[in-house]
Amino acid sequence: MINLYDEAANVIGEVTRERMRAENLWHGCVLTVVHSTDGERVYVHRRTDTKDIFPGLYDFSAGGVIDAGETPDQAARRELREELGVETPLTPLFQTIYVDEQTRYHAWIYETRSDGPFTHQPEEVAWGGWMDAAELRARIEDPDWPLVPDGRAIGGEWLSRSA
């Protein structure tokens, strides 16, 4: 079960993940950008080919759907621990929305610093590695790079806010 949200980002109930996907219901997601401790690099990963949404594409944040009863802060800590195997202090950055034909959600964006080691969740992460900030900016802006669509949209907002 996951939190069901209204358009104003209020939790209005709970719903199964399957129903949320089938009916494209409003839900909440968290995204955490992992910087190296020197701040020069960002940890990027490729999603497994078995993911239910955006399989096999690259992402520069660890994140996912907010479970029923969870706050965004709790979900961000859980997702970072599940996907990359790290527990580090998180800094909230901003809240936004993402909408396309497949999904629509409220997003809470965080950042953290860690040099790992990282332990990938095998069901979600196929590969991971470092990318310097300039290269990541170029990749986010490159429509041909196989980046998750929400990452491209939210990444553009993240870059404009951090410039």
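**Exercise 1. A charge over a ring**

Task: Find which ring face R161 lies over, and at what distance from the ring centre.

Solution.
- Step 1. R161 lies over the face of F94.
- Step 2. The distance from the ring centre is 4.2 Å.
- Step 3. Look for another such arrangement. R41 lies over the face of W130, at 4.5 Å from the ring centre.

A word of caution before going on: this is a predicted model.

**Exercise 2. The ring pair of Y43 and F118**

Task: Classify the pair of Y43 and F118 as stacked, tilted or edge-to-face. Then place both rings in the chain.

Solution.
- Step 1. A pair of aromatic rings is described by the distance of the centres and the angle of the planes.
- Step 2. The structure holds eight aromatic pairs. In the pair of Y43 and F118, the centres are 4.1 Å apart and the planes stand at 35 degrees.
- Step 3. Planes under 30 degrees apart count as stacked, and over 60 as edge-to-face. An angle of 35 degrees fits neither class, so the pair of Y43 and F118 is tilted.
- Step 4. Y43 sits in strand β4 (residues 41–47). F118 sits in the loop between β8 (104–113) and β9 (125–132). The two are 75 residues apart, and the pair links distant parts of the chain.
- Step 5. Y43 and F118 are both buried.
- Step 6. Y43 and F118 form one aromatic cluster with W130. W130 is the residue whose ring face has R41 over it.

**Exercise 3. The ring pair of Y58 and W145**

Task: Work out the class of the pair of Y58 and W145. Say for each residue whether it is buried or partly exposed.

Solution.
- Step 1. The centres of the Y58 and W145 rings are 5.0 Å apart, with 15 degrees between the planes. This pair is stacked.
- Step 2. Y58 belongs to strand β5 (residues 58–59), and W145 to the loop between α3 (133–141) and α4 (149–162). The pair therefore ties together parts that are 87 residues apart in sequence.
- Step 3. Buried means under 20% relative accessible area. W145 has 9%, so W145 is buried.
- Step 4. Y58 has a relative accessible area of 23%, so Y58 is partly exposed.

**Exercise 4. Two helices**

Task: Describe how α3 and α4 pack. Give the handedness of their crossing.

Solution.
- Step 1. Two packed helices are described by the angle between their axes and the distance between the axes.
- Step 2. For α3 and α4 the angle is about 135 degrees, and the axes are 9 Å apart.
- Step 3. Angles over 145 degrees count as roughly antiparallel, and 65 to 115 as roughly perpendicular. The angle here is in neither range, so α3 is oblique to α4.
- Step 4. The crossing of α3 and α4 is left-handed.

**Exercise 5. Strand β3 and its partners**

Task: Name the strands that β3 pairs with, and the sense of each pairing. State how many residues of β3 are buried.

Solution.
- Step 1. β3 and β8 pair in the parallel sense over nine bridges. Within β8, I109 is the bridge partner of L31.
- Step 2. β3 and strand β6 (residues 62–65) run antiparallel, joined by four bridges. Within β6, G64 is the bridge partner of V30.
- Step 3. In a regular strand the side chains alternate between the two faces of the sheet.
- Step 4. From β3, H27, C29, L31, V33 and H35 point one way. G28, V30, T32 and V34 point the other way.
- Step 5. Nine of the nine residues of β3 are buried.

**Exercise 6. Unusual backbone**

Task: Locate A9, N24 and the cis peptide bond of P117.

Solution.
- Step 1. Most residues other than glycine have a negative phi, and most peptide bonds are trans.
- Step 2. A9 has a positive phi near 75 degrees. A9 lies in the loop between β1 and β2. This hairpin has five residues between the strands.
- Step 3. β1 (residues 2–5) and β2 (residues 11–15) run antiparallel, with four bridges. One of the paired residues is L4, whose partner in β2 is G13.
- Step 4. N24 has a positive phi near 50 degrees. N24 is in the loop between α1 (17–23) and β3 (27–35). Its relative accessible area is 17%, so N24 is buried.
- Step 5. The cis peptide bond joins G116 and P117, with omega about 5 degrees. P117 is in the loop between β8 and β9.

How values were computed: Residues are numbered from 1 along each chain as its sequence is written. This is a predicted model: local features need pLDDT of at least 70, side-chain atom pairs count only at pLDDT 80 or more; totals for chains, interfaces and linings use all residues. Side-chain values use heavy atoms; hydrogens and water are left out. Two strands pair if DSSP finds at least two bridges between them. Rings of Phe, Tyr and Trp (its six-membered ring) pair if their centres lie within 6.5 Å; planes under 30 degrees apart count as stacked, over 60 as edge-to-face and the rest as tilted. Buried means under 20% relative accessible area, exposed over 50%, partly exposed in between (1.4 Å probe, protein chains only). A charge sits over a ring if NZ of Lys or CZ of Arg is within 6 Å of the ring centre and within 35 degrees of the ring normal. Axes are lines fitted to C-alpha atoms, for helices over the stretch in contact, and angles run from 0 to 180 degrees between N-to-C directions. Angles under 35 degrees count as roughly parallel, over 145 as roughly antiparallel, 65 to 115 as roughly perpendicular and the rest as oblique. A crossing is left-handed if the near helix is turned anticlockwise from the far one by less than a right angle, and right-handed if clockwise.
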